[in-house]
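This note is written for a colleague meeting the structure for the first time. Please read it with the sequence and the model open alongside.

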Amino acid sequence: MISRKIPKVMSTQHPDNVSIPFFAETSDMSGEDEIQEAYYAFSHLGCCEQMWDSEGKEVDNYVVKKLFTKYSYFFKQKRLGRDVFLTLRVPNPAVEKEEAKILLETLESIPRSFDVAKIFYEDETYPPVFEVILPLTTSAIELDRIYYFYKNFLYERQYKKIYDEDITLAEWIGKFLPEEINIIPLFEDVPSMLSCDKIVSAYLNNKNLNYIRVFLARSDPAMNYGVISAILANKIALKKLENLSKEKEIEIYPILGAGSPPFRGNLTPYTVEKVLSEYSSVETFTVQSAFKYDNPVEHVIEAIRKIKNFVRIPLKDFDEKLANSFIEKTSEQYRKEVEYLAPLINEVSKYVPKRRMRKLHVGLFGYARSIGSVRLPRVISFCCACYSIGLPPELFGLSILNKEDFKEIKNIYKNIEFDLSIAMQYFNPKCLEILPSELKEIFINSLELINSLNISYEPDLNHREKTTQIIKIIKNGFNQSITDLLTEAAYIRRFLG
């Protein structure tokens, strides 16, 4: 048994919202807005956890002090580290070289936050921050380096003398606590997901942990491999983690990073039950910015309540070998299509409005060696660009499948028809007019497959009108007015991308 509460709902800072929250000073939130956002997520929406990005932005290592100073009454009632949680997402030095030292700054802030909480609560029972998320995890070594760096270079150093015959560091500036921190691996590419059990197992060796949380991305694998591959990889990873939990006799609590568009998870206040049934073994679900700010607040609160009341159960068994064959098949086709589409997507994405102060997130498409010479924007801009030209990215890669394949995939990915019916509301046949000739036939095949399956959907005519205007501008040469139309279309969808 573990002695802490595992959060069910993690509020995140993903910039997929079109509406600006009432408390934001500017449209591209940063700094003090995000301090207020954390408080709002806890106090008004009922979220149990706030992910705090130290990756891809200017870092605020004084978040705990600011929360306690500004909202002392709330945090006296709801203790940070016991009732509500702040979880830091740090850069991965193996990939994000230019941000590597931000990792050290962020880890240094953990004992400082502990000192602030000790003064605020007048005891040191619960550290206010004790978990960090490592994005782009591909090996146990990356996790071990952070775990042992904290233990050996931050915690242990307090016992060293400043110089010979002098006092220790702890005697000089006080103790360094907590003694150790939990590292949450975030798996964002399909190969790492498929070997997540081996990576987690290797990390658990020689550590006396009684639980571990494991984060599975849903958006980046969709952008890099297609939506079907992303979901099948998520399912395989969840099954592997279930089996590892039994084998190691340790609690493993999966986190799923789902966004609002079907392509990125289809988690909205109106689809909660569907998502919970699809990913029945997940313990923690992310609620991203579109979920929080693009829907009526009473619906958001009710949906969060449903997630908090959800009790996870094991996933139904499925044929892993079959799932792997569909990952291979659909991801290869998806990538071919995206290579053709990349120039158009990149051009449209330049006009997508920003909602957070962020630098570029490194993904597979960021590397020339991964897929020819194709580079793509962040997944939210990618999605926005696709939906805005009336071409839902859920369609990419479908052309390789037949009705029999679809039936077999549906046995694993239960909500495939539901997700496609939502995505197809935003399809505009006129998008075919601006596609490279190689793609027109491909997408006509995808549409024929959807029609043959009798997937029912009602086209959103307001959205179609906006995308028709966007397509017209693209034909006549891009201009700044496209940004307003992208935003108007996003308001209709209730997500930016």
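The numbered points below go from the overall fold to single residues.

1. Status of the model. The coordinates come from a predicted model. The statements below should be read as descriptions of that prediction.

2. Overall fold. Eight strands form a closed barrel in the order β1-β2-β3-β4-β5-β6-β7-β8, and their pairing is parallel. From one strand to the next the twist averages 30°. As general background, the strands of a sheet pair through backbone hydrogen bonds, in either a parallel or an antiparallel sense.

3. Strand β3 and its burial. Strand β3 spans residues 85-89, and five of its five residues are buried. The cover extends to both faces: Phe85, Thr87 and Arg89 are buried on one side, and Leu86 and Leu88 are buried on the other. Arg89 thus appears in the list of buried residues together with Phe85 and Thr87.

4. The neighbours of β3. Strand β2 (residues 49-53) runs parallel to β3 and is joined to it by five bridges. Within this pair, Glu49 stands opposite Phe85. On the β4 side, two bridges join β3 to β4, again in parallel, and Leu88 stands opposite Val132 of β4. The segments β3, α4 and β4 together make a right-handed β-α-β unit.

5. From β4 to β5. Strand β4 (residues 131-134) and strand β5 (residues 182-187) run parallel and are joined by four bridges. Val132, already met as the residue opposite Leu88, also stands opposite Ile183 in β5. This residue can therefore be used to trace the sheet from β3 through β4 to β5, given that paired strands are those with at least two bridges between them.

6. Strand β7 and its two partners. Which strands pair with β7, and over how many bridges? Strand β6 (residues 211-217) pairs with β7 in the parallel sense over seven bridges, while β7 and strand β8 (residues 284-287) pair in the parallel sense over two bridges. Ile255 of β7 takes part on both sides: Phe215 stands opposite Ile255, and the bridge partner of Ile255 in β8 is Thr284. Between β7 and β8 the chain passes through helix α11 (residues 272-278), in a right-handed β-α-β crossover. Strand β7 itself covers residues 251-257, of which six of seven are buried.

7. Helices lying across the strands. Helix α8 (residues 196-204) lies across β5 and β6 and runs at about 165° to β5. Helix α10 (residues 227-248) lies across β6 and β7 and runs at about 165° to β7.

8. The packing of α2 and α4. Helix α2 (residues 63-70) packs with helix α4 (residues 100-121) at an angle of about 20°, and their axes are 8 Å apart. The two helices are therefore roughly parallel, because angles under 35 degrees are counted in that class. From α2, the residues Val64, Lys65 and Phe68 meet Ser113, Val116, Ala117, Phe120 and Tyr121 of α4. Sorted by class, the contact comprises six nonpolar, one polar and one charged residues.

9. A buried serine in α14. Is Ser349, in helix α14 (residues 320-349), buried or exposed? Its relative accessibility is 8%, so Ser349 counts as buried, the cut-off being under 20%. Leaving aside residues up to four places away in sequence, Ser349 touches Pro377, Ser381 and Ala385.

10. Backbone geometry to check. Most residues other than glycine have a negative phi, and most peptide bonds are trans. Against that background, three sites deserve a look. The peptide bond joining Leu177 and Pro178 is cis, with omega about 5°, and Pro178 is in the loop between α6 and β5. Glu165, in the loop between α5 and α6, has a positive phi near 70° and is exposed at 76% relative accessible area. Glu249, in the loop between α10 and β7, has a positive phi of about 55° and is exposed at 75%.

Conventions:
Residues are numbered from 1 along each chain as its sequence is written. This is a predicted model: local features need pLDDT of at least 70, side-chain atom pairs count only at pLDDT 80 or more; totals for chains, interfaces and linings use all residues. Side-chain values use heavy atoms; hydrogens and water are left out. Buried means under 20% relative accessible area, exposed over 50%, partly exposed in between (1.4 Å probe, protein chains only). A crossover is right-handed if, with the strands pointing away from the viewer, the path from the first strand over the helix to the second runs clockwise. Axes are lines fitted to C-alpha atoms, for helices over the stretch in contact, and angles run from 0 to 180 degrees between N-to-C directions. Contact means heavy atoms within 4.5 Å. Angles under 35 degrees count as roughly parallel, over 145 as roughly antiparallel, 65 to 115 as roughly perpendicular and the rest as oblique. Ala, Val, Leu, Ile, Met, Phe, Trp, Tyr, Cys and Pro count as nonpolar, Asp, Glu, Lys and Arg as charged, and the others, Gly among them, as polar.
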